[in-house]
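Before turning to the details, a learner asks a teacher how the features of a folded chain should be read. Their conversation follows the structure itself.

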Amino acid sequence: MERPKMAEPESLETAAEHERILREIESTDTACIGPTLRSVYDGEEHGRFMEKLEARIRNHDREIEKMCNFHYQGFVDSITELLKVRGEAQKLKNQVTDTNRKLQNEGKELLLAMEELRQCRLQQRNISATVDKLTLCLPVLEMYSKLREQMKSKRHYPALKTLEHLEHTFLPQVSHYRFCKVMVDNIPRLREEIKELSMSDLKDFLESIRKHSDKIGETAMKQDCRFNQWKIIARIFFSLLLSPNVQAQQQRNLDNIVSQQPRISGGKKSKKEFSASSELEVKNTSPMSEQDSGILDVEDEDEEEEVPGAQDLVDFSPVYRCLHIYSVLGARETFESYYRKQRRKQARLVLQPPSNMHETLDGYRKYFNQIVGFFVVEDHILHTTQGLVNRAYIDELWEMALSKTIAALRTHSSYCSDPSLVLDLKNLIVLFADTLQGYGFPVNQLFDMLLEIQDQYSETLLKKWAGVFRNILDSDNYSPIPVSNEEVYRKIVGQFPFQDAELEKQPFPKKFPFSEFVPKVYSQIKEFIYACLKFSEDLHLSSTEVDDMIRKSTNLLLTRTLSNCLQNVIKRKNVGLTELVQIIINTTHLEKSCKFLEEFITNITNVLPETVHTTKLYGTTTFKDARHAAEEEIYTNLNQKIDQFLQLADYDWMAPEPGSRASDYLVDLIGFLRSTFAVFTHLPGKVAQTACMSACKHLSTSLLQLLLEAEVRQLTLGALHQFNLDVEECEQFARSGPVPGFQGDTLQLAFIDLRQLLDLFIQWDWSTYLADYGQPTCKYLRVNPTTALILLEKISRV
């Protein structure tokens, strides 16, 4: 009973499922029925489902059959009516066909006209489209043509701007055309071509300024030179007001400067004027400028025209154009690196001095002009561009240039032996330094080096003045200067500071006590001081430093150069006693003039000698040493002359009787001494007295040696009496006072030894000699026992 109850629910579920599937099949598209049927076959009741499906089909067939039976009569009626309509439709078709044929025949001309109209409209549209496209393309072609023309005319920066407009504005509007694609492909090549062409112009510019840097530097230094000349004129006028004693020399310098002053106006621009001119120049040489690169041609102008500025000689537009082009192309750093590298190479070439630079001033001038020209260009680039060069780069180049320039100058200036060339070189270095200082470059090291060159200049001056002094001393006649009229007298007094009231009272003709070399040497010492002063100009030294420099150089001139020249003259073999006496007189007057040299230096330097650390002149020492050397030489020469006369002595040591007078050689010797000592009247008293005493002592000693010579083995009392006559002649000469100033018998004491010895033998007073020997009051105190014994032996042999 329970099993039928369990089968019935399963049948209901199956039936419900089959019903759902059937509804789904009825309502689902045939293409999607597969999954539904699959669910039937997946189940176990597909047989029963097939039965229900067949039953559902039969139901639908019955419904169709009912519907067809219900509408059959209407269908038959419709068929009948359609058959009637077919005949009418055939008639209508024939009418339409006939009407169409007639319409076609009638519309052929209209169709032809319409076709022509259609073609015209088509052409019109094509033409309009063509005009529109050409309107877009023509500006592109015009811009491209303009680009080629600008490149051909080397207007590279405008060409680059045109290329940018073409690329970013015009080409995008017609980018679908083939020729535009070709242009687009050529743009990188054109841009590189512009870049290369602008770089080529820059290279030409760099080569041009390298060749013409000396011209640029010459112009810059010429402007600074004119400014310095006016400063010198002002300084000379100021010194004329302060130091009237040096008016003549300063007036001579002023005349030289004015005569050399070029008659051209202008000069170095002030900072304000330079700034304005720089701004104007930047505008005139903008990247849009079409001027060619390089140095502008400057013809020789009339002297009255203004000298062009250094920047006016150079067209900087190639640099500006190339800089802007590389900036636009994003390669500014590459350009800056290339420019600096090339300029460094040029700087090294400029700083390499020629091997023969030291031979002429033009060699130094060209060397300085090139350096100035190089840095004038770099300074202008620094102030007219933003970042192409910077101050650090300029300072680095200047440090290199300064070290190389100083080294070159030290090397080449050491070969220079002409003081005029050294002085001109110094002025050129000062002008070089002042010019670059005007552009803001530090030049202290150059002025320090000039102080080194000053030592060399002093040495060359000393060598030159050594020759001058030698010529003066060699050409001097060593005799007092005769003057026949007041004009000549005043001229000499104007050359040398000499004052003598007694000489002024004497009538003409009269003589100065000194010879011509005194005023000449004094004038040359002043000229040397002027030469030293010239070197100190424009070195930015204080008056004390200038004074110290002049005094030190003058001391070297006096103590070394002049002293050596005087010593050489004094030591010459052919110098006579007259010359030596005149040298003593001359050096005495030169020694007195040293105080006037001190005053002269004080006047030109305005530094009082009482100032602390002021160097003193050593001229007095120089002239004293020369005078002492001359005095010694006089003593020596006198003794030599005495020896020469004594060599003429021809005594007959065996003569039985003496002669009636003194020997001839001795008479001549005494005459020579009298005439010589007469010349000594202008010598200082002590010098003449010392010379006279020295000569008498030497004569006494030499005569004694004649007696004691080993060759004289025997002598008679007659010969001794003759010898005594000669000694008496000498004593008479001593008593006559050949040189004033001796007191009593002082000069006779020179012969006391000889006199006592002769008295001992002539008087044969041996008993007195032996009795008083050794006592302070002995009559023959000056007789040496050995000498007496030798002479006694010679007499005893007779």
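The dialogue below takes up overall makeup, cores, cysteines, charged pairs, buried polar residues and backbone geometry.

Q: What kind of model is this, and how are its residues numbered?
A: This is a predicted model, in which local features need pLDDT of at least 70 and side-chain atom pairs count only at pLDDT 80 or more, while totals for chains, interfaces and linings use all residues. Residues are numbered from 1 along each chain as its sequence is written, and side-chain values use heavy atoms, with hydrogens and water left out.

Q: How many helices and strands are there, and what percentage of the residues count as buried?
A: Helices (H or I, at least four residues) and strands (E, at least two) are DSSP runs numbered from the N terminus, and the chain has 26 helices and 4 strands. Buried means under 20% relative accessible area, exposed means over 50%, and partly exposed lies in between, with a 1.4 Å probe and protein chains only; by that rule 42% of the 798 residues count as buried. With contact taken as heavy atoms within 4.5 Å, 79% of the contacts between residues at least 6 apart in sequence join residues at least 24 apart.

Q: Which residues have the most contacts inside the largest nonpolar core?
A: In soluble globular proteins, nonpolar side chains tend to be buried together. A nonpolar core is a set of buried Ala, Val, Leu, Ile, Met, Phe, Trp, Tyr and Cys residues joined through side-chain atoms within 4.5 Å. The largest one here has 177 residues, and those with the most contacts inside it are Phe368, Ile634, Leu638, Phe677, Leu703 and Phe723. Leaving aside neighbours within four places in sequence, Leu703 is in contact with Leu646, Tyr651, Tyr665, Phe723, Val727, Cys730 and Leu754. A second, separate core of 19 residues includes Val140, Leu147, Ala159 and Cys180.

Q: How many disulfides does a search of the whole structure find?
A: A disulfide is a covalent bond between the sulfur atoms of two cysteines. The criterion is a pair of cysteine sulfur atoms within 2.5 Å, and the search of the whole structure finds 0 disulfides. Cys692 is a useful case, because its sulfur is 4.4 Å from the closest cysteine sulfur, in Cys696, which is too far for a bond. Cys692 is also buried, at 0% relative accessibility, and Cys594 is buried with a relative accessible area of 7%.

Q: How many salt bridges are found, and which parts does the pair Arg551 and Glu598 tie together?
A: A salt bridge is a side-chain nitrogen of Lys or Arg within 4 Å of a carboxyl oxygen of Asp or Glu, and the whole structure holds 28 of them. In one of these, Asp362 pairs with Arg365, the closest N and O atoms being 2.6 Å apart; both residues lie in helix H10 (residues 361–384), 3 residues apart, about one turn of the helix. The side chains of Arg551 and Glu598 meet in another salt bridge (2.5 Å, N to O). Arg551 lies in helix H17 (residues 543–571) and Glu598 in helix H19, so this pair ties together parts that are 47 residues apart in sequence. Both Arg551 and Glu598 are buried, whereas Asp362 is exposed at 52% relative accessibility and Arg365 is partly exposed at 32%.

Q: Where is Asp476 found, and what does its side chain meet in a polar contact?
A: Asp476 is found in the loop between helix H13 (444–475) and strand E3 (482–483). Lys and Arg count as positive and Asp and Glu as negative, while His and the chain ends are not counted. Asp476 is buried yet has no salt bridge, and the nearest side chain of opposite charge, Lys520, is 6.0 Å away. A polar contact is a pair of N or O atoms within 3.5 Å, where within protein one must be able to donate a hydrogen and the other to accept it, and residues adjacent in sequence count only if both atoms are side-chain atoms; one such contact, of 2.7 Å, joins the side chains of Asp476 and Ser515.

Q: Which peptide bond is cis, and where does Tyr478 lie?
A: Most residues other than glycine have a negative phi, and most peptide bonds are trans. The bond from Phe508 to Pro509 is cis, with omega near -5°. Tyr478, in the loop between H13 and E3, has a positive phi of about 50° although it is not a glycine.
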